[in-house]
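Student: Let's take a close look at a single part. Which residues line the second largest pocket?

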Amino acid sequence: MKAALSSIVPEQQQQDSEFLKDVLEGLGGKIKTLPCKYLYDELGSRLFEDICEVEDYYLTRTEADIFSKNLKDIAFTIGPEALMIEPGAGNCEKVEALLAVLESPKGYYPIDISSEILFQAERRIKRNLPGMQVWSQVGDFTQPDVWDKLARISSRKRVVFFPGSTIGNFELDKAEQLLELFAANLGVGDGLLIGTDLVKDSVRLERAYHDSEHVTEKFNKNILNRINAELGADFDHTLFAHRSFYHQLRQRVEMHLVCLKNHSVSVAGSQVDFLEGETIHTENSHKYSINGFSKLLSKGGFAPICHWKDSAKSYAIHYAQVV
Ligand code: AVJ
């Protein structure tokens, strides 16, 4: 069905119909949800970059700190002649310092859905690190096809680089599947360098997702404006409030949009009814203990080797190997 469709419908229209299907499905049920990947359109991605700069959102800053303090140790752990693979690489900024200190790296294999950002990053890396080989792959890293070209690159060692606590966005079973996908594209002894936010007091966690500068609020509400613009809907974002809370049992921060009064919204001709107090669940950010994440790594086919933390134990970068 999908193959037949793709031959007659242009790519943009196909993406729109996928978006529409996901939105109607997400808002059609008893509990309303929207897939978090739709938060990241052009404006959403820019707002996320702004989030990374706000004081309350400690994750990006802390991870960068751990990297810069332990760079040599991390490079030594990875070892010589590694091919670095980065799913969801974006602007490829985090990997550069690491590529610069690795011992004779084989090269870099970034995967991202945005070709423009990716090719711009490729040019920058080749300029800053002359001689570095880069194999940019445009596509969704959860799809097997973007991994296919790896088979043609011979390397002594492959290492998947997955920073940013992106794994936290996946439900536990999906996170395990993602690790399995990584492992399936690696060989025994190959590595995974991955960042996770750690379990901590809920006040600090909740503040990170409800910052005093209201950037996260804008980021969350942007999904409604995007649906209006791309799918012909009439959401009034002032009828929704941004809410983030830490769910102790599920060990995750949940982000929601809370409806402030009963009303109906038209989405591409379909009517969606909202009750006061009802929420749209827009994102999850799972938090892990070192032990909890080690268990997840094992389930996904990796043996945890070591990890690095900041002095306040807010965040961790783990290194694991395929068994
Ligand atoms: C990009 C998924 C790591 O979950 O912390 C930040 C996204 N959402 N504030 C996170 C996000 C709201 C972020 N990740």
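Tutor: The second largest pocket is lined by Leu-172, Leu-249, Arg-250, Gln-251, His-286, Lys-287, Tyr-288, Ser-289, Gly-292, Lys-295, Leu-296 and Lys-299. Before going on: this is a predicted model, where local features need pLDDT of at least 70 and side-chain atom pairs count only at pLDDT 80 or more, while totals for chains, interfaces and linings use all residues. Numbering runs from 1 along each chain as its sequence is written, and side-chain values use heavy atoms, with hydrogens and water left out.

"Pocket" here is a grid term: on a 1 Å grid over the protein atoms alone, it is an open set of points where a 1.4 Å probe fits, with protein on both sides within 12 Å along at least five of seven lines, and a lining residue has an atom within 4 Å of a point. The second largest pocket holds about 180 Å³ of space, counted as what probe spheres set on the points fill, with points joined across faces, edges and corners.

Who supplies the lining? Helix 10 (residues 290–299) gives the most, four residues; helices are DSSP runs of H or I with at least four residues, strands are E runs of at least two, both numbered from the N terminus. By character, the lining splits into four nonpolar, four polar and four charged residues. In that scheme Ala, Val, Leu, Ile, Met, Phe, Trp, Tyr, Cys and Pro are nonpolar, Asp, Glu, Lys and Arg are charged, and the others, Gly among them, are polar. Domain 1 (2–43 + 206–286) and domain 2 (58–200 + 288–322) each put at least three residues into this lining, with bounds from an automatic or database domain assignment.

Now set the ligand's shell beside that. Domain 1 and domain 2 each give at least three residues there, and the shell divides into eight nonpolar, five polar and one charged. As for direct contacts, a polar side-chain atom of Ser-285 is 2.4 Å from a ligand oxygen.

Terms used. A polar contact is a pair of N or O atoms within 3.5 Å; within protein, one must be able to donate a hydrogen and the other to accept it, and residues adjacent in sequence count only if both atoms are side-chain atoms.
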